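Here is a short report on one protein chain. Sequence and structure come first, then the fold and the packing.

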Amino acid sequence: TLLEKWREAVLRSPSNVATVLATDMNSSRQQDYNSREWAVISAGCAKLGQPTDDGVPGILASAGFTCAYNQAPGGTPTMTHWTGTVVDFPWCNFQRPEEWTVRSVKVLPTKLS
């Protein structure tokens, strides 16, 4: 898998490596919403036959990645998608986390999506 290839590359690296994944997951995280907002998102997923958790955030977290929204001042942006939800996530993995700081995360809307 992609994560296995990444682990092999990091193990061969002699330096302090930072890996950043800028992802368009097309899936929201419950922790980014209050209960009323999540109820609306969950109902929409159910109507479309989509899971509310596809497991990707958990897999990345188990590989040592952290969502930059969890570390940056200001936290999760209000939205990253035209539906008013957050589906785009920057994930970071630092070999030596004490040497890295997430200072900010910027979301810039474009006409591409």
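Contact here means heavy atoms within 4.5 Å. The model is predicted.

By that cut-off, Phe89 is in contact with Leu21, Ala22, Thr23, Met25, Ser27, Ser28, Arg29, Asp32, Cys67 and Tyr69, with its neighbours within four places in sequence left aside. Phe89 also belongs to the largest nonpolar core, which has 16 residues. Within that core, Leu3, Leu60, Phe65, Phe89 and Trp91 touch the most other members. Three elements each supply at least two of its residues:

| Element | Residue range |
|---|---|
| Helix H1 | residues 2-12 |
| Helix H2 | residues 35-48 |
| Strand E3 | residues 88-94 |

A second core is separate and holds five residues, including Ala68, Ala72, Cys92 and Val102.

Now the chain as a whole. Its secondary structure consists of three helices and three strands. Read from the N terminus, the order is α-β-α-α-β-β. The C-alpha trace spans about 50 × 30 × 30 Å along its principal axes.

How do contacts spread along the sequence? Take the contacts between residues at least 6 apart in sequence: 73% of them join residues at least 24 apart.

Of the 113 residues, 32% are buried. The chain exposes about 8000 Å². Carbon and sulfur atoms supply 56% of that area.

Charge comes last. There are 10 positive and 10 negative side chains. The centres of the two sets lie 5 Å apart.

How values were computed
Residues are numbered from 1 along each chain as its sequence is written. This is a predicted model: local features need pLDDT of at least 70, side-chain atom pairs count only at pLDDT 80 or more; totals for chains, interfaces and linings use all residues. Side-chain values use heavy atoms; hydrogens and water are left out. Helices (H or I, at least four residues) and strands (E, at least two) are DSSP runs, numbered from the N terminus. Buried means under 20% relative accessible area, exposed over 50%, partly exposed in between (1.4 Å probe, protein chains only). Accessible areas come from the Shrake-Rupley method with a 1.4 Å probe; for residues, only the protein chains shown count as cover. Lys and Arg count as positive and Asp and Glu as negative; His and the chain ends are not counted. The place of a charge is taken as NZ of Lys, CZ of Arg, CG of Asp or CD of Glu. A nonpolar core is a set of buried Ala, Val, Leu, Ile, Met, Phe, Trp, Tyr and Cys residues joined through side-chain atoms within 4.5 Å.
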